[in-house]
Amino acid sequence: MAFSFELFIEAMLTPAMIRGAGIALVLTVLVFVISFFACLPMALWLGSKKKLRNIAAKLYVWVFRAAPVILILLFVWNGTPQLFPALLKSSWFTPFVAATVSLVLITIAYMAEIMRSALSSVAPGQGEAAQALGLGRFQTFRLVVMPQALRIALPPMVNEFINVLKVTSLAYVISLREIMAVVNDSIAATFRFVEWYTAALVYYLIIVSLFMMLQGIVARRQSKADLA
Amino acid sequence: MTEAVVLNNVSKSYGSFPVLKDINLSVEPGEKIVICGPSGSGKSTLIRTVNRLEKHDSGSIHVDGIELSDDLKNIDQIRSRVGMCFQHFNLFPHLTILQNCTLAPVHVLKASRQEAERTAMHYLEKVRIPEQAQKYPSQLSGGQQQRVAIARALCMKPRMMLFDEPTSALDPEMIGEVLDTIDALAKDGMTMICVTHEMGFASRVADRVVFMDAGQIVETRPPKEFFEDPRNERTKKFLSQLLN
Ligand SMILES: Nc1ncnc2c1ncn2[C@@H]1O[C@H](COP(=O)(O)OP(=O)(O)O)[C@@H](O)[C@H]1O
Ligand SMILES: [Mg+2]
């Protein structure tokens, strides 16, 4: 069976496939945005001199970096209803919600490391100058330290975004109808591996390219300040 | 009249290492103090306690009659009255020169952007670099950056300025332009505490020179006496090293 271009196009345009790509994209963006805000306190704790906070944050990062994604997905989807039976009857606890929670838990661990290292590379004199000008601690963080840390964190953050997109493909194990779940089902029905895998690959490429373009725009806006 | 700064038996240690030992110093409004002394003698730590970048362990510090304690309101109030310039300028690299100057007025004094920009341009003209307003710090020379740092501090309309070795990170040809700027500020009547080893500047501007060694104030004298007739052995040694 040679590669059928027609079948490939058909696979690309299948409503389930388009929907699957939409789910992967929305899930990735959602996980990325929630993790970004949630990783900030974790990053500060990772860099904290206070023992208890520091150990708690390190423990969290250690656990969620070591744990396989599939394990966390299954743990959240199958495990939490065992602990909280009310979840079984609730209508909101869908595979999408479970996948979001699982991936946020994991992504926080990676992003916190990225942000901690970015924050620590901002010169201490920056915060001092801001405080000497009378800015409060939160203002200093938001207006002076954070913008500089973000610039440093941008490339690894884009990597992290791509990683999140890739691991959404594992959410088929909790029957989330994202790209790979649709592809697996379609192949089971048609045995046309190559066309469907290619279609999936193209969707991932499109989503990643979109975000590389976005990164390019942000980086260009920043580069003006990095002259000389 | 309220003293601009009063330090009363101020001490501070890093762990078991004493950096400041029983410091007593009072500064009148309008007075210019130059602090000098060997590296590691505690000069930076001393002026940084005045705006609470460093916390003192014991003794008391009053700025404009307000006591520096853990009371955050007092700290905020003092910081908005005391401007500071650092050895390495510490301009915000992600902001333009103009934005560097308007950040604190807008977010601390709640000035309107328009008003803050007008003030910023006024002070940038004063330090003679209004034409650089739209550039970023990395596009300026060291001397220009330090002048921007001075303008940035002045935009908060401080009653007093602290300088921590403002010229020691500069190439020799740029030292003059920065000292001239500080000179002009002194002539306007600004109260100043300046850590520097620039003897010519100290003679010209200072009302009193404070010499520090090993966390202590060794002597405090008018510049002419200090340079021409140092009494203390440690001062003599320091001055002779500085000249060689
Ligand atoms: N954060 C710190 N932790 C420990 N020791 C410090 C710290 N800051 C300064 N010191 C020490 O305190 C002493 C005085 O420092 P400093 O005030 O910077 O001196 P100076 O400005 O006169 O060179 C030095 O011996 C320095 O090593
Ligand atoms: Mg110093």
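**Entry 1: ligand 1**

I count a polar contact when two N or O atoms lie within 3.5 Å; within protein, one of them must be able to donate a hydrogen and the other to accept it, and residues adjacent in sequence count only if both atoms are side-chain atoms. Residues are numbered from 1 along each chain as its sequence is written, while chains are lettered from A and ligands numbered from 1 in the order in which they are written. The model is predicted, so local features need pLDDT of at least 70 and side-chain atom pairs pLDDT 80 or more, whereas totals for chains, interfaces and linings use all residues; side-chain values use heavy atoms, with hydrogens and water left out.

I looked up Ser41(B) beside the ligand and found one of its backbone N or O atoms 3.2 Å from an oxygen atom of ligand 1. Lys43(B) has a side-chain N or O atom 2.8 Å from an oxygen atom of the ligand. With Tyr14(B), the ligand uses a nitrogen atom, 3.5 Å from an N or O atom of the side chain.

On its own, ligand 1 has 560 Å² of accessible area, and the protein covers 59% of that. Such areas come from the Shrake-Rupley method with a 1.4 Å probe, and for residues only the protein chains shown count as cover. Two elements of chain B, strand 2 (17-27) and helix 1, give two or more residues each to the shell around the ligand. Helix 1 gives the most, three residues. Helices (H or I, at least four residues) and strands (E, at least two) are DSSP runs, numbered from the N terminus.

I then listed the surroundings of ligand 1, taking a residue as near if one of its heavy atoms lies within 4 Å. The list includes Tyr14(B), Phe17(B), Val19(B), Pro38(B), Lys43(B) and Thr45(B).

**Entry 2: Ser41(B)**

Where in chain B is Ser41(B) found? I placed Ser41(B) in the loop between strand 3 (32-36) and helix 1 (43-50). Ser41(B) is buried, because its relative accessible area is 2% and buried means under 20%, exposed over 50% and partly exposed in between (1.4 Å probe, protein chains only).

The side chain of Ser41(B) reaches the backbone oxygen of Pro38(B) at 2.6 Å. Leaving aside neighbours within four places in sequence, I found Ser41(B) in contact (heavy atoms within 4.5 Å) with Val19(B), Met212(B), Asp213(B), Ala214(B) and Gly215(B).

**Entry 3: rings**

I went on to the aromatic pairs and noted twelve over all chains. In Phe211(B) and Phe226(B), the ring centres are 6.3 Å apart and the planes stand at 45°, so I wrote the pair down as tilted. This pair joins distant parts of the chain, 15 residues apart: Phe211(B) is in strand 9 (residues 208-213) of chain B and Phe226(B) in helix 8 (residues 223-228) of chain B. Rings of Phe, Tyr and Trp (its six-membered ring) pair if their centres lie within 6.5 Å; planes under 30 degrees apart are stacked, over 60 edge-to-face, the rest tilted.

Both Phe211(B) and Phe226(B) are buried. Ring pairs link them with Phe227(B) and Phe238(B) into a cluster.

The charged end of Arg152(B) sits over the ring of Phe92(B), 4.4 Å from its centre. This requires NZ of Lys or CZ of Arg within 6 Å of the ring centre and within 35 degrees of the ring normal.

**Entry 4: Ile150(B)**

Is Ile150(B) buried or exposed? I found Ile150(B) in helix 5 (residues 142-154) of chain B, and at 1% relative accessibility it counts as buried. Not counting residues up to four places away in sequence, Ile150(B) touches Cys85(B), Val127(B), Phe163(B), Val178(B), Thr181(B), Ile182(B) and Leu185(B). From Lys43(B), Ile150(B) is 107 residues away in sequence and 20 Å away in space, C-alpha to C-alpha.

**Entry 5: chain A and phi angles**

Chain A has ten helices and zero strands. The C-alpha atoms of chain A fill a box of roughly 70 × 50 × 30 Å along the principal axes. I noted that 46% of its 228 residues count as buried. The accessible surface of chain A is about 12400 Å², with 71% belonging to carbon and sulfur atoms. Of the contacts in chain A between residues at least 6 apart in sequence, 76% join residues at least 24 apart.

Last, I looked for positive phi outside glycine. Ser175(A) has phi near 55°; it is found in the loop between helix 8 (137-167) and helix 9 (179-190) of chain A and counts as partly exposed at 46% relative accessibility. Asp22(B) has a positive phi of about 50° and lies in strand 2 of chain B.
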